Amino acid sequence: MKERLVLLVTNLAPGGAETQVALLARGLARRGWSVCVISLLPPSAFARQLSAAGVPVYSLGMRPGVPNPLAFLGLLVLLRRLRPRILHSHMFHANLMARLARLLCPVPVLISTLHSAAESGRNSASLCWRDRLYRWTDPLTTVTVAVAGAVAGRHVQARAVRPSKVLTIPNGVDTERFKPDPGRRSAARAELGLGGEFVWLAAGRLMWKKGYQTLLRAFTRLTGSVLLIAGSGPQEADLRQLAGELGVAPRFLGHREDIADLMAASDAFVQSSLVEGLPLSLLEASASALPCVASDAGASGDVVQDGITGFLVPIGNPDALAAAMLRLAALPAGQRLAMGQAARARVQAGFDINAVLSRWEALYGELLLRWT
């Protein structure tokens, strides 16, 4: 058995960062680490899968936007009981709580992880305050790890982290789960009632950062195509209303557990985000050998090579997004297939979850040697 490790996360809910935490937890447990996950909020996803993999899951029972000193005390009690050698936190609130907890419950190694270029709401003042809180608590963390260079660069520029204390380890994707499969494609398209139409897939939480309004406006220019939108979130009612006003009829599928099947059923993937880190949905689509059209948000360009594995477009520009979608759909099938194959090869080379797990293990080992 390797060292004891606690993954502290703001929430276990459907989302890219949360999915990544679950992948890390299960993968590290398979490799012999003594892993548990603590969520600040009550989990709404992944708890059952983690428990089945032998990873204990704890909740501090917090509510969004409601400070709870008792939850902080609960974290201290858990850390003193679990006695981890490494505390690895993910997302803003968990990163901050982990740093404060280290004042009262020292752990040898504390790693803070940045999953987005902007870990905040729409309000730029909120982002400014979060950067300050990161800056003031930076001495309490051993190292900060960003999921992409663009994410690290934004926080360094804002002086939220010191350049000497930030590293980059990308998100990883299970390339055995997400892969092209003709049989699964046929079955999924039949289940969805799809014929020979060109099918676009968008996947992600229905919230402002994902820029779905841009996508719906772009889709008004596409005829003869089907747009599947997988995900739920606070903007669902507004997006359905906007679709009606625009005269488009995307298929809102809600939260889905079968994203790999939906990707197998699709012909291309589209992302219209306004703010991103390293989008897990783009990695999954690319691993599924789907050519992608994506807004150039965050580190999307680390995944999508413009003109090679898909097309990148400016953020928040429905005309540019529509033009790129039309361009991709008009390509000969063989050229789209080559794009998809290039996308999968790129993900296999740089973002396979097994390689990413090895990078985390190497960092854990290095930090334990240095700081214990």
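**View 1. Six strands line up in an open, parallel sheet of this predicted model.** The order across the sheet is 10-9-8-11-12-13, and the pairing is parallel. At the edges we find strand 10 (251–254) and strand 13 (310–313); each has a single partner strand, so one side of each is left without a neighbour in the sheet. Going from one strand to its neighbour, the average turn is 20°, with direction ignored.

**View 2. Strand 11 meets strand 12, with helix 11 lying across them.** Strand 11 (residues 268–271) and strand 12 (residues 292–295) run parallel and are joined by three bridges. Look for valine 270 here: the residue standing opposite in strand 12 is valine 293. Helix 11 (residues 280–287) lies across strand 11 and strand 12, and also across strand 8 (198–203). The helix runs at about 170° to strand 11.

**View 3. Helix 11 packs against helix 14.** The axes of the two helices are 7 Å apart, and the packing angle is about 120°. That angle makes helix 11 oblique to helix 14. On the helix 11 side, the contact is made by Leu283, Ser286 and Ala287; helix 14 brings Gly340, Ala343, Arg344 and Val347. Sort the residues of this contact by character and you get four nonpolar, two polar and one charged.

**View 4. The second largest pocket has helix 14 in its lining, too.** This pocket holds about 360 Å³ of space. It is lined by 16 residues, and those closest to its centre are Arg185, Ser266, Ala289, Leu290 and Leu337. Three helices each supply at least two residues of the lining: helix 7 (182–191), helix 10 (259–265) and helix 14 (333–350). Helix 14 gives the largest share, with three residues. As for character, the lining is a mix of nine nonpolar, two polar and five charged residues.

**View 5. Seven strands make up another open sheet.** Read across, the strand order is 3-2-1-4-5-6-7, and the pairing is parallel. Strand 3 (57–59) and strand 7 (166–168) take the edge positions; with a single partner strand each, they have one side left without a neighbour in the sheet. The twist from one strand to the next averages 25°.

**View 6. Strand 4 and strand 5 run side by side under five bridges, and helix 4 packs on the sheet.** Strand 4 covers residues 86–90 and strand 5 covers residues 109–114; the two run parallel. To pick out one of the pairs, start at histidine 88, whose bridge partner in strand 5 is isoleucine 111. Helix 4 (residues 92–104) touches strand 4 and strand 5, along with strand 1 (4–9) and strand 6 (143–146). The direction of helix 4 makes about 165° with that of strand 5.

**View 7. A single cavity of 30 Å³ or more turns up in the structure.** The largest cavity has a volume of about 40 Å³. Its lining is made of Gln20, Leu24, His90, Thr113, His115, Val147, Ile169, Pro170, Asn171 and Trp360. By character, that lining splits into five nonpolar and five polar residues, with no charged ones.

Technical notes:
Residues numbered from 1 in each chain as written. Predicted model: local features only at pLDDT ≥ 70, side-chain atom pairs only at ≥ 80, totals over all residues. Heavy atoms only, no water. Pairing = 2+ DSSP bridges. Helix = DSSP H or I, 4+ residues; strand = E, 2+ residues; numbered from the N terminus. Axes fitted to C-alpha atoms, helices over the stretch in contact; angles between N-to-C directions. Contact = heavy atoms within 4.5 Å. 1 Å grid on protein atoms, 1.4 Å probe; cavity = no way out; pocket = protein on both sides within 12 Å on 5 of 7 lines; lining within 4 Å. Points joined across faces, edges and corners; volume = space filled by probe spheres on them. Nonpolar A, V, L, I, M, F, W, Y, C, P; charged D, E, K, R; others polar. Parallel < 35°, antiparallel > 145°, perpendicular 65-115°, else oblique.
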